[in-house]
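Work through the exercises below with the sequence and the model open side by side. Each task is followed by a worked solution.

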Amino acid sequence: MATTNERRALVNLSVVAGSAAMFAAAWAGIVQTDGERYRDADSPTTAVAAFAPVQAAVIPDMTPAPASSEGQASSQAPRRVVVVRESKAS
Amino acid sequence: MATATTEPSTIAFRAMNTEWWITIPRCADPSLLAVAEATAWAAEAAFSRFRADSLLSRLNRDRQIASRSLADVVARALALHEATAGAFDVRVGPAVAAAGYDRSFEQMVHHPPQLQLLLAPPVETLSVQADREGVTLTGIGGLDLGGIAKGWAIDRIAEAVEAAGYRDYVIDGGGDIYAGGRGADGEAWPIGVGDGLVAFISDAAVATSSTEKRRWATATGEAHHLVDPATGLPSAAAVTNAVVVAADATTADALATAIVADPARGLPAVVALGGALIEQDGTWSMTRGMERWIR
């Protein structure tokens, strides 16, 4: 009969083995793990509880951006705004 | 730590691998600027994935950590993940590294081009739980807070400035900017955005993400650091630049990242939380409501 520590080790081992098997299966394409599509015919278990399922997206209406201040300066009355800083990717 | 003070109420320094600039007109307390700089440095020490001793590296390694600051950032990340229908996802850490961004960017100058883009475990293999006291990771993978940590640090500095009694100030963390109150002329702060446009910002934040920055060569072409969580690869979406205005820098930072990573899911979130100006196929357009800031 296994001791408590041995049982605990077996449980831990099975968790590790299960994660590794799922990872390997995902890489091999055996299971799909992308949110809502992660469904197995025999098991409705979802992989992730902490993240919400991906919802259908509706792209909002977009409007053309106004002419830049440089463009305005050349085509309309000059508008001189001295910016404090520039927002840019870094 | 090199610090260059350009005038009594302005400080410029480098932290989180970018240039910072903070101005608090009429600020007579130099220690407040020192606190602001220290906050940026503390954020780098806590949230960098390139420092083995950072809280983030320890979490990714040990899978659990007790830290209220990290828990707060991750909780915000989870909320913004939900708000963007999954376009913003801090679980892309392994995918960003597999794409070649596996060291601090300035060191990638000497980094040989990747032979190919490696595969990373899908984000769904990792579960993240955050409560008030800490964060726990379950499954395979790790976190990358590159799309939110700088904004979060800017917000913490803004809180410190406001707590000290100052209402008019600008905090620029590498182009992600929070502007409190108004400038010397009594008007909202003019901030350059997009293609020569000006956004007038007051008690709000503006952040920009672009596929044109942090690019590197691979054997299969150029890669960049903005990963689409759905594919695990650098985003191939048509949006190359996104400028977002939101109530706080954490939100603006994450939304700008989300729009470039997956515009179809990231853009709808902006309608509720702010406004966006995007460049797509060389043309700039914006969400309705953005004209509130662009004049």
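The exercises concern a predicted model, and they start with a sheet in chain B.

**Exercise 1. Lay out the three-stranded sheet of chain B and state which strands lie at its edges.**

Solution.
1. The sheet is open, and its strands come in the order 4-6-5 with antiparallel pairing.
2. Strand 4 (64–66) and strand 5 (126–130) of chain B each pair on one side only, so by definition of the order these are the edge strands.
3. Averaged over the sheet and ignoring direction, neighbouring strands are turned by 10° against each other.

**Exercise 2. Find the bridges that hold strand 6 of chain B to strand 4 and to strand 5.**

Solution.
1. Begin with strand 4 of chain B, which pairs with strand 6 (residues 134–139) over three bridges in the antiparallel sense.
2. Within this pairing, Gln64(B) has Thr136(B) as its bridge partner, and Ile65(B) has Val135(B).
3. Turn to strand 5 of chain B, which is joined to strand 6 by five bridges and runs antiparallel to it.
4. Here Ala130(B) has Val135(B) as its bridge partner.
5. The connection between strand 5 and strand 6 of chain B is a hairpin of three residues.

**Exercise 3. Describe helix 3 of chain B: its length, its buried residues and what follows it.**

Solution.
1. Count the residues: helix 3 of chain B has 16, and the expected span at 1.5 Å a residue is 22 Å.
2. Compare with the model, where the first and last C-alpha atoms of helix 3 are 22 Å apart.
3. List the buried residues of helix 3, among them Leu70(B), Val73(B), Val74(B), Arg76(B) and His81(B).
4. After the helix comes Ala85(B), which has a positive phi near 55°.

**Exercise 4. Decide whether helix 5 of chain B is largely enclosed or not, and name what surrounds it.**

Solution.
1. Check the geometry: the 15 residues of helix 5 (residues 149–163) should span 21 Å at 1.5 Å a residue, and the end C-alpha atoms are 21 Å apart, which agrees.
2. Count buried residues: 11 of the 15 are buried, so helix 5 of chain B is largely enclosed by the rest of the structure.
3. The buried residues include Lys150(B), Trp152(B), Asp155(B), Arg156(B) and Val161(B).
4. These buried residues pack against helix 1 (30–47), helix 3, strand 7 (169–173), strand 8 (176–180), strand 11 (204–210) and helix 6 of chain B.
5. Just after helix 5, Gly165(B) has a positive phi of about 100°.

**Exercise 5. Identify the residues with the most contacts inside the largest nonpolar core, and the helix that gives the most to this core.**

Solution.
1. The core has 99 residues, and those touching the most other members are Leu70(B), Val206(B), Val244(B), Ala252(B), Leu255(B), Ile259(B) and Ala276(B).
2. Helix 6 (residues 249–261) of chain B gives the most, with nine residues.
3. Take Leu255(B) as a case: leaving out residues up to four places away in sequence, its contacts include Thr84(B), Val244(B), Ala269(B) and Leu273(B).
4. As background, nonpolar side chains in soluble globular proteins tend to be buried together.

**Exercise 6. Summarise chain A by its elements and its burial.**

Solution.
1. Chain A contains two helices and two strands.
2. Read from the N terminus, the elements of chain A run α-β-α-β.
3. Of the 90 residues in chain A, 10% are buried.

Key:
Residues are numbered from 1 along each chain as its sequence is written. Chains are lettered from A and ligands numbered from 1 in the order in which they are written. This is a predicted model: local features need pLDDT of at least 70, side-chain atom pairs count only at pLDDT 80 or more; totals for chains, interfaces and linings use all residues. Two strands pair if DSSP finds at least two bridges between them. Helices (H or I, at least four residues) and strands (E, at least two) are DSSP runs, numbered from the N terminus. Axes are lines fitted to C-alpha atoms, for helices over the stretch in contact, and angles run from 0 to 180 degrees between N-to-C directions. A nonpolar core is a set of buried Ala, Val, Leu, Ile, Met, Phe, Trp, Tyr and Cys residues joined through C-beta atoms within 7 Å. A residue is buried if 20 or more other C-beta atoms lie within 10 Å of its own, exposed if 12 or fewer, and partly exposed in between; C-beta atoms are placed from the backbone. Two residues are in contact if their C-beta atoms, placed from the backbone, lie within 7 Å. The expected span of a helix is 1.5 Å times one less than its number of residues.
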